[in-house]
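Here are my notes for you, written as numbered points. Keep the picture open while you read, and look up each residue as it comes.

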Amino acid sequence: GLVVGFILTVANYSFFSSLFVFFVTSSKLTKWKKDRKKQIDSEYKEGGQRNWVQVFCNGGVPTELALLYMIENGPGEIPIDFSKEYTASWMCLSLLGALACSAGDTWASEIGSVMSKSKPRLITTWEQVPVGTNGAVTLVGLLSSLLGGMSVGIAYFITQLIFVTDLEISAPQWPIIVFGAAAGLLGSIVDSYLGATMQYSG
């Protein structure tokens, strides 16, 4: 975790702020309403249920993209502007998308499981299934995934406003927030689909 944070900070402050928001919110939500989660899932662990493979996947892709960004552009802040920094802009959005997907998936599972009043439905067949079933979704969970991705996008956007000096001559940066929200929602949907087709045990 420290290595990932260090590399992202050196590469671009917006990368780090996005990672920070993902990490803090996900950690808090994992412990949120823990008693309720224990009732729903007998295998719930208070410290979270992320194994080393999941941690590597969540941090590995952003780290690789941050390294490629530094090779391509050098460390430092740039606005996302495809007309001026085409390759670097794609790397920035890819990194933001990776973190937004991770945040969206975490928010969906941690909030949807305890806040939804309706039974979850399997994303492939739309049949009702028990809470905690791989591949199941709820409206609350999907909305949470959108907000999770949006939170990462907002962090990136605010950091851009603070540290990027030539925003007035660059493309508008506010779509970063919309992109983060969309990535969070899409990431959660894809994760649920993969869970339904590859992990579902119902």
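**Notes on the model**

1. Let's start inside helix α5, where you'll find alanine 100; helices here are DSSP runs of H or I with at least four residues, strands are runs of E with at least two, and both are numbered from the N terminus. Alanine 100 has a relative accessible area of 0%, so it counts as buried. The cut-offs for that word are simple: buried is under 20% relative accessible area, exposed is over 50%, and partly exposed is in between, using a 1.4 Å probe and protein chains only. Leaving out residues up to four places away in sequence, alanine 100 touches Gly149, Val152, Gly180, Ala183 and Gly184, where a contact means heavy atoms within 4.5 Å. Also look at leucine 185: it sits 85 residues from alanine 100 in sequence, yet their C-alpha atoms are 8.6 Å apart in space.

2. A word on what you're looking at: this is a predicted model, so local features need pLDDT of at least 70 and side-chain atom pairs count only at pLDDT 80 or more, while totals for chains, interfaces and linings use all residues. Residues are numbered from 1 along each chain as its sequence is written, and side-chain values use heavy atoms, with hydrogens and water left out.

3. Now step back to the whole chain. It has 7 helices and 2 strands, and from the N terminus they run α-α-α-α-α-β-β-α-α. Of its 202 residues, 43% are buried. Take the contacts between residues at least 6 apart in sequence: 69% of them join residues at least 24 apart. The accessible surface is about 11100 Å², and carbon and sulfur atoms account for 65% of that; areas come from the Shrake-Rupley method with a 1.4 Å probe, and for residues only the protein chains shown count as cover.

4. Which residues of helix α1 (residues 2-11) are buried? They are Val4, Gly5, Ile7, Leu8 and Ala11. Those residues cover an arc of only 165° around the axis, so they lie on the same side of α1; the arc is that of the directions from the helix axis to the C-beta atoms. Turn α1 around, and the face pointing away from the buried side carries the exposed residues Leu2, Val3 and Phe6.

5. Back in α5 (residues 86-115), check threonine 106. With a relative accessible area of 2%, threonine 106 is buried. Its side chain reaches the backbone oxygen of serine 102 at 2.9 Å.

6. Glutamine 160, in helix α6, is a nice one to click on. Is glutamine 160 buried or exposed? Its relative accessible area is 0%, so glutamine 160 is buried. The glutamine 160 side chain makes a polar contact of 3.1 Å with the side chain of serine 14, and another polar contact, of 3.2 Å, joins it to the side chain of glutamine 173. (A polar contact is a pair of N or O atoms within 3.5 Å; within protein, one must be able to donate a hydrogen and the other to accept it, and residues adjacent in sequence count only if both atoms are side-chain atoms.) Setting aside neighbours within four places in sequence, the contacts of glutamine 160 also include Ile78, Pro79 and Ile80.

7. Stay with α6 (residues 139-163), but look at the surface: this helix gives the most to a nonpolar patch, with 5 residues. The patch is formed by Tyr13, Ile154, Ile158, Leu161, Ile162 and Phe163, with about 560 Å² of accessible area together. (Patches are made of residues with over 30% relative accessible area and no salt bridge; like charges are joined within 9 Å, nonpolar side chains (Val, Leu, Ile, Met, Phe, Trp, Tyr) within 5 Å. A salt bridge is a side-chain nitrogen of Lys or Arg within 4 Å of a carboxyl oxygen of Asp or Glu.) Isoleucine 158 has 41% relative accessibility, so it counts as partly exposed.

8. One last stop is tryptophan 126, in the loop between β1 (121-122) and β2 (136-137). Tryptophan 126 has a positive phi of about 65°, although it is not a glycine. At 48% relative accessibility, tryptophan 126 is partly exposed.
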